[in-house]
Amino acid sequence: MAQHVCPWWGGYFIDNPLRRWLHNPERFLAPFVLPGMTVLDFGCGMGFTSIAMARLLGDRGTVISADLQPQMLRVVEKRARRAGVAERIETHECQKDSLALDRAIGFALAFWSAHEVPDLGKLLGEVYACLVSEGKFLVVEPRGHVTPQDMAEMTEKAERVGFERLEVRPAVRWSHAVIYGK
């Protein structure tokens with residue numbers, strides 16, 4: 001997989017009304033994000049899925065919006081305030097080579113971001129370590145940009161760190177979607 005990080009300003013082209021209509025994050029996240037949970041949005045960009053998860057959490061719970069780029073995190077904070085969910089979103093700046101998170105989480109999401117990680121095995125191990133027992137990790141990658149072979153290699157790495165690939169297959173347009181369980 002490529003190890004290229006989308007420039008922060010590219011988020012304005014990715015997070016737009018057409019994409020929200022095409023992907024509808026509330027629809028594919030609803031089975032996994034429950035009120036009161038602590039969830040991780042890895043590679044959150046400008047908050048496309050973070051804000052949706054915060055809404056699904058109801059009045060309690062926490063979304064940890066994690067990104068490498070502080071500019072993205074500032075936009076997430078601004079959009080969360082505008083959406084009325086800022087109290088449920090915490091931003092977290094990752095390190096270039098590490099998630100650098102020491103929190104227990106019930107669900108993690110990497111939406112169109114895992115392919116940008118230089119050491120995917122390390123990321124998978126760090127997410128696994130943060131997940132509570134029975135926690136789940138949903139990885140969604142863009143078709144065409146990420147091949148089926150790339151997804152198979154990711155699953156091999158995920159299984160090496162302890163994940164189990166679950167049979168559930170969320171339908172996300174133009175994407176490969178895999179859910180792993182701890």
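**Note on side-chain contacts and strand pairing in a predicted model**

1. The structure holds 7 aromatic pairs. One of them is formed by F32 and F107, which are stacked, with 5.6 Å centre to centre and 5° between the planes. This pair links distant parts of the chain: F32 is in the loop between α3 (25–29) and β1 (38–42), F107 is in strand β4 (residues 105–111), and the two are 75 residues apart. Both F32 and F107 are buried. The model is a predicted one, and the contacts in this note should be read with that in mind.

2. A second aromatic pair is made by F48 and F111. Their ring centres are 5.8 Å apart and their planes stand at 55°, so the pair is tilted. An angle over 60 degrees would have counted as edge-to-face. F48 lies in helix α4 (residues 48–56) and F111 in strand β4, so this pair ties together parts that are 63 residues apart in sequence. F48 has 9% relative accessibility and therefore counts as buried. F111, at 6% relative accessibility, also counts as buried.

3. F48 and F111 belong to one aromatic cluster, together with F28 and W112. W112 lies in the loop between β4 and α6 (120–130). With a relative accessibility of 24%, W112 counts as partly exposed, whereas F48 and F111 count as buried.

4. The backbone of W112 deserves a look. Phi of W112 is near 55°, a positive value in a residue other than glycine. Most residues other than glycine have a negative phi. E134 is another such case: its phi is near 75°, again positive in a residue other than glycine. E134 is placed in strand β5 (residues 131–142), while W112 is in a loop. E134 counts as exposed, at 59% relative accessibility.

5. Which ring does the charged end of K182 sit over? The ring is that of Y128, and the charged end is 4.7 Å from the ring centre.

6. On strand pairing, strand β2 (residues 62–67) and strand β3 (residues 89–93) run in the parallel sense and are joined over 5 bridges. Within this pairing, S65 stands opposite T91 in β3. Helix α5 (residues 70–83) completes the arrangement: β2, α5 and β3 make a β-α-β unit, and the unit is right-handed.

7. A search of the whole structure finds 4 salt bridges. Side chains of opposite charge can pair when their charged atoms come close. One of the salt bridges joins the side chains of R55 and E26, at 3.5 Å from N to O. The pair links distant parts of the chain, with R55 in helix α4, E26 in helix α3, and the two positions 29 residues apart in sequence numbering. R55 counts as partly exposed at 46% relative accessibility. E26 is likewise partly exposed, at 27%. Helix α4 thus appears twice in this note, once through R55 and once through F48.

8. Strand β3 also carries a salt-bridge partner. The side chains of E90 and R103 meet in a salt bridge of 2.7 Å, N to O. E90 lies in strand β3 and R103 in the loop between β3 and β4, so the contact ties together parts that are 13 residues apart in sequence. E90 has 35% relative accessibility and counts as partly exposed. R103, with a relative accessible area of 32%, is partly exposed too.

9. A further salt bridge is formed by the side chains of R160 and E156, at 4.0 Å from N to O. This value should be read against the cut-off, which is within 4 Å. How many residues separate R160 and E156 in helix α7 (residues 148–161)? They are 4 residues apart, which means a separation of about one helical turn. R160 is exposed, with a relative accessible area of 62%, whereas E156 counts as partly exposed at 45% relative accessibility.

Note on methods:
Residues are numbered from 1 along each chain as its sequence is written. This is a predicted model: local features need pLDDT of at least 70, side-chain atom pairs count only at pLDDT 80 or more; totals for chains, interfaces and linings use all residues. Side-chain values use heavy atoms; hydrogens and water are left out. Two strands pair if DSSP finds at least two bridges between them. A crossover is right-handed if, with the strands pointing away from the viewer, the path from the first strand over the helix to the second runs clockwise. Rings of Phe, Tyr and Trp (its six-membered ring) pair if their centres lie within 6.5 Å; planes under 30 degrees apart count as stacked, over 60 as edge-to-face and the rest as tilted. Buried means under 20% relative accessible area, exposed over 50%, partly exposed in between (1.4 Å probe, protein chains only). A charge sits over a ring if NZ of Lys or CZ of Arg is within 6 Å of the ring centre and within 35 degrees of the ring normal.
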